[in-house]
Amino acid sequence: MNIVQMQWYGVLAACICGLALGALYDVFWLIRQHWKRAGLTFFLDMLFSMAGGATLFVLAVSIFQQRMRGFLPVSMLLGGILWELTAGRWVRHFWKWMHRRTRTREFSKKS
């Protein structure tokens, strides 16, 4: 396998990792919406930051023989943006729809 082909695989792997991190962020967003506590928000933000850093480290070490390439974080960012523009919107719209529907049912039961 030549170097250019390996770098394209690295870009693709970083994009997929960015998609996964975007999905993880939405899971944390759902947890934050359910339990609104400042300590939990701080903990989830720290956990997400550590997951992003660990992912970037593993990509740099495993694919690029311990060399940090500038396109790795950019590719991860593009994967996260891709998640945000596709499935991430659907997750949030579904959550808000379910939340409105649940609140409407609870209100009608109290009446």
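**Helix packing and salt bridges around Arg92**

At 17% relative accessibility, Arg92 counts as buried. The model described here is predicted. Arg92 belongs to helix H4. Neighbours within four places in sequence set aside, Arg92 is in contact with Asp26, Trp29 and Glu84. Two of these contacts are also salt-bridge partners. With Asp26, the closest N and O atoms are 2.8 Å apart. This pair links distant parts of the chain: Arg92 is in helix H4 (residues 87-110) and Asp26 is in helix H1, 66 residues apart. Asp26 and Arg92 are both buried.

The side chain of Arg92 also meets that of Glu84 in a salt bridge, at 2.5 Å from N to O. Glu84 has 36% relative accessibility and therefore counts as partly exposed. Shared partners join Asp26, Glu84 and Arg92 into one network of salt bridges. Glu84 itself is found in helix H3. Outside its neighbours within four places in sequence, Glu84 is in contact with Arg89 and Arg92. Gly39 is elsewhere: 45 residues separate Glu84 from Gly39 in sequence, and their C-alpha atoms are 25 Å apart in space.

The salt bridges come to three in total. Another of them joins the side chains of Asp45 and Arg32, with 2.6 Å from N to O. Asp45 lies in helix H2 (residues 38-62) and Arg32 in helix H1, so this pair ties together parts that are 13 residues apart in sequence. The two partners can be set side by side. Asp45, at 33% relative accessibility, counts as partly exposed. Arg32, at 12%, counts as buried.

Helix H1 supplies a partner to the salt bridge with Arg92 and to the one with Asp45. Helix H1 covers residues 3-34, which is 32 residues. From first C-alpha to last, helix H1 reaches 47 Å, close to the 46 Å expected at 1.5 Å a residue. The buried residues of H1 run from Gly10 and Val11 through Ala14, Gly18, Leu21 and Gly22 to Asp26, Phe28, Trp29 and Arg32. Asp26 and Arg32, both on this list, are the residues that H1 contributes to salt bridges with Arg92 and Asp45.

Helix H2 was examined next. Its 25 residues should span 36 Å at 1.5 Å a residue, and its end C-alpha atoms are 36 Å apart, which agrees. The buried residues of H2 are Leu44, Gly52, Leu56, Leu59 and Ala60. Their cover includes H1 and H3. Phe57 also lies in helix H2. Phe57, however, has 57% relative accessibility and so counts as exposed. The C-alpha atoms of Phe57 and Ala87 are separated by 26 Å, with their positions 30 residues apart along the chain.

The axes of H1 and H2 come within 11 Å and cross at roughly 170 degrees. An angle over 145 degrees counts as roughly antiparallel, so H1 is roughly antiparallel to H2. On the H1 side, the contact is made by Ala13, Ala14, Cys17, Leu21, Leu24, Tyr25, Phe28, Ile31 and Arg32. On the H2 side, it is made by Leu40, Thr41, Leu44, Asp45, Leu47, Phe48, Ala51, Gly52, Thr55 and Leu59. Arg32 and Asp45, the salt-bridge pair, are both part of this contact. Among the contact residues of H2, Leu44, Gly52 and Leu59 are buried.

Helix H3 (residues 71-85) meets H1 at another angle. The axes of H1 and H3 come within 6 Å and cross at roughly 45 degrees. That makes H1 oblique to H3. The crossing of H1 past H3 is right-handed. H1 takes part through Gln7, Gly10, Val11, Ala14, Cys15, Gly18, Leu19, Leu21, Gly22, Ala23 and Asp26. H3 takes part through Phe71, Leu72, Ser75, Met76, Leu78, Gly79, Gly80, Leu82 and Trp83. Several of the H1 residues in this contact are buried, including Gly10, Gly18 and Gly22. Asp26 is in the contact as well, and it is the partner of Arg92.

Methods:
Residues are numbered from 1 along each chain as its sequence is written. This is a predicted model: local features need pLDDT of at least 70, side-chain atom pairs count only at pLDDT 80 or more; totals for chains, interfaces and linings use all residues. Side-chain values use heavy atoms; hydrogens and water are left out. Helices (H or I, at least four residues) and strands (E, at least two) are DSSP runs, numbered from the N terminus. The expected span of a helix is 1.5 Å times one less than its number of residues. Buried means under 20% relative accessible area, exposed over 50%, partly exposed in between (1.4 Å probe, protein chains only). A salt bridge is a side-chain nitrogen of Lys or Arg within 4 Å of a carboxyl oxygen of Asp or Glu. Contact means heavy atoms within 4.5 Å. Axes are lines fitted to C-alpha atoms, for helices over the stretch in contact, and angles run from 0 to 180 degrees between N-to-C directions. Angles under 35 degrees count as roughly parallel, over 145 as roughly antiparallel, 65 to 115 as roughly perpendicular and the rest as oblique. A crossing is left-handed if the near helix is turned anticlockwise from the far one by less than a right angle, and right-handed if clockwise.
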